[in-house]
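Subject: The structure I promised you

Hi,

Here is the structure I said I'd pass on. Have a look at it first, and then read my notes below.

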Amino acid sequence: MRQLVLARSTSLLELGLRRVAGGVRALARRLPRGAAFAAALVLAPVAPCSAEAELRVVATLPDLYVLTRAVAGTAATVGLVARFGQNPHDMEVRPSHMLLVRRADALVRNGLEEDSWIDVIVRGSNNPKAQRGSPNVIDASLGVEILKVPTGRVDRSLGDVHSTGNPHYTLDPGNLPTVTRNIAAGLARVAPEHTRAFEANREALLEKVAEVDRRWRTLLAPFRGARIVSHHDSWPYMFRAFGFVEGGIIEDRPGIPPSPQHLAGLVRRMRDEKAMVILLENWYAPDAANLVARETGAKVLAVPQTPGAVKGTDDYVAHLDYILTAIADALR
Ligand SMILES: [Zn+2]
């Protein structure tokens, strides 16, 4: 079900939409899954944007959404394409996504393959502002040092979803100055009258993150060099930022389910290197992680890869704080 991702306005229209959304949630509790889903499609508002706001921005992914929301402040409403808790590597394009993008004045995208489905949505939206090359399209990755860019031949038909490099760059707070600069500059291109507000909001966010970053570093200092395993290759930026070492990945390659041989090799490696923590991005089935944990004695931590995938993690700081606190607790 589409979430009503941002409702800042208190207009009658907005209140009406909230009531409708509440009704959808109530229906969803009562009806079997398929029926509730159909009802949601019929009842869901086509665009979660306020009728009053002048500027409508759409972000493809939850991490970009929470950052864009922080930079935009009250100057824009921000919509989200991939809903909270949805694995963006496993996204199904729907007409509601096209309706959302159709009304957008600006589009914030990941810049790597993480949200490549947005191209299909943009074509369907028929919104020239959202087309590649438009000044209203903001590539949040510009200037970020991208990790794990493949050097050999990349065969997308094998399902590799990181074919232009690892797209999970917002998980290093050190990348936020660059990412938010891209967002603020892009929004200022579209709405120059709000340039100073965007910059002030950005500064406030960076200050808040810098402050909590100092606390995170103190919290994690005793665990530098700890080897951490994960289901998906989500964490190279976070590991680099906080001094962890990648101890192996359950997926053979990003987006590809593990073979028994790969899992056996991982178990051997984890025993040798004494890796004791497995991060399981919580939208994946836990079976493989549990199997590896049984064989090695490691602990499985189910964590939200993106903001909002677990309740109470719907802003940048809360999200990273949840993950880093869980890791510190497990390594203690
Ligand atoms: Zn990924």
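Which strands does α3 lie across, and at about what angle does α3 run to β2? Helix α3 lies across β1, β2 and β3 (106-109), and its direction makes about 175 degrees with that of β2. Angles here run from 0 to 180 degrees between N-to-C directions, and axes are lines fitted to C-alpha atoms, for helices over the stretch in contact.

Before you go further, two notes on the model. It is a predicted one: local features need pLDDT of at least 70, side-chain atom pairs count only at pLDDT 80 or more, and totals for chains, interfaces and linings use all residues. Residues are numbered from 1 along each chain as its sequence is written.

**The overall picture**

The protein has 11 helices and eight strands. Both are DSSP runs numbered from the N terminus: helices are H or I with at least four residues, strands are E with at least two. Of the 332 residues, 43% are buried. A residue counts as buried if 20 or more other C-beta atoms lie within 10 Å of its own, as exposed if 12 or fewer do, and as partly exposed in between, with C-beta atoms placed from the backbone.

Take the contacts between residues at least 6 apart in sequence: 63% of them join residues at least 24 apart. A contact means that the C-beta atoms of two residues, placed from the backbone, lie within 7 Å.

**One sheet, with α3 on it**

The sheet under α3 is open and has four strands in the order β2-β1-β3-β4, with parallel pairing. Two strands pair if DSSP finds at least two bridges between them. As a reminder, strands of a sheet pair through backbone hydrogen bonds, either parallel or antiparallel. The edges are β2 (76-80) and β4, each pairing on one side only. From one strand to the next, the twist averages 20 degrees.

β1 and β2 are joined in the parallel sense by five bridges, and you can find Leu55 opposite Ala76 in β2. Just before that, Glu54 sits in the loop between α2 (33-43) and β1 (55-59). Is Glu54 buried or exposed? It is exposed, because 12 other C-beta atoms lie within 10 Å. Glu54 and Ala75 are 21 residues apart along the chain, and their C-alpha atoms are separated by 7.8 Å.

**Another sheet, with α11 on it**

There is also an open sheet of four strands in the order β6-β5-β7-β8, again with parallel pairing. Here β6 and β8 (299-303) are the edge strands, each pairing on one side only. Neighbouring strands are turned by 30 degrees against each other on average, direction ignored. Helix α11 packs on this sheet, where it touches β7 (277-281) and β8, and its direction makes about 170 degrees with that of β8.

Now zoom in on β5 (residues 227-230) and β6 (residues 245-249), which run parallel and are joined by three bridges. Arg227 stands opposite Val245 in β6, and Ser230 stands opposite Ile249. Together with helix α8 (residues 236-242), the two strands make a right-handed β-α-β unit. Right-handed means that, with the strands pointing away from you, the path from the first strand over the helix to the second runs clockwise.

**Follow α7**

Helix α7 (residues 195-220) packs against α11 (residues 316-331) at an angle of about 5 degrees, with the axes 11 Å apart. That makes the two helices roughly parallel: the label is for angles under 35 degrees, while over 145 is roughly antiparallel, 65 to 115 roughly perpendicular and the rest oblique. Among the residues that meet are Val212 and Trp216 in α7 and Leu324 and Ala328 in α11.

α7 also meets α3 (residues 62-72): their axes come within 7 Å and cross at roughly 125 degrees. So α3 is oblique to α7. On the α3 side you'll find Ala70, Val71 and Ala72, and on the α7 side Phe198, Asn201, Arg202 and Leu205.

**One loop residue to click on**

Leu171 is in the loop between β4 (137-139) and α6 (176-190). Leu171 is buried, because 23 other C-beta atoms lie within 10 Å. Leaving out residues up to four places away in sequence, Leu171 touches Trp235, Tyr237 and Met238. Leu171 and Gln305 are 134 residues apart in sequence, yet 8.7 Å apart in space, C-alpha to C-alpha.

Cheers
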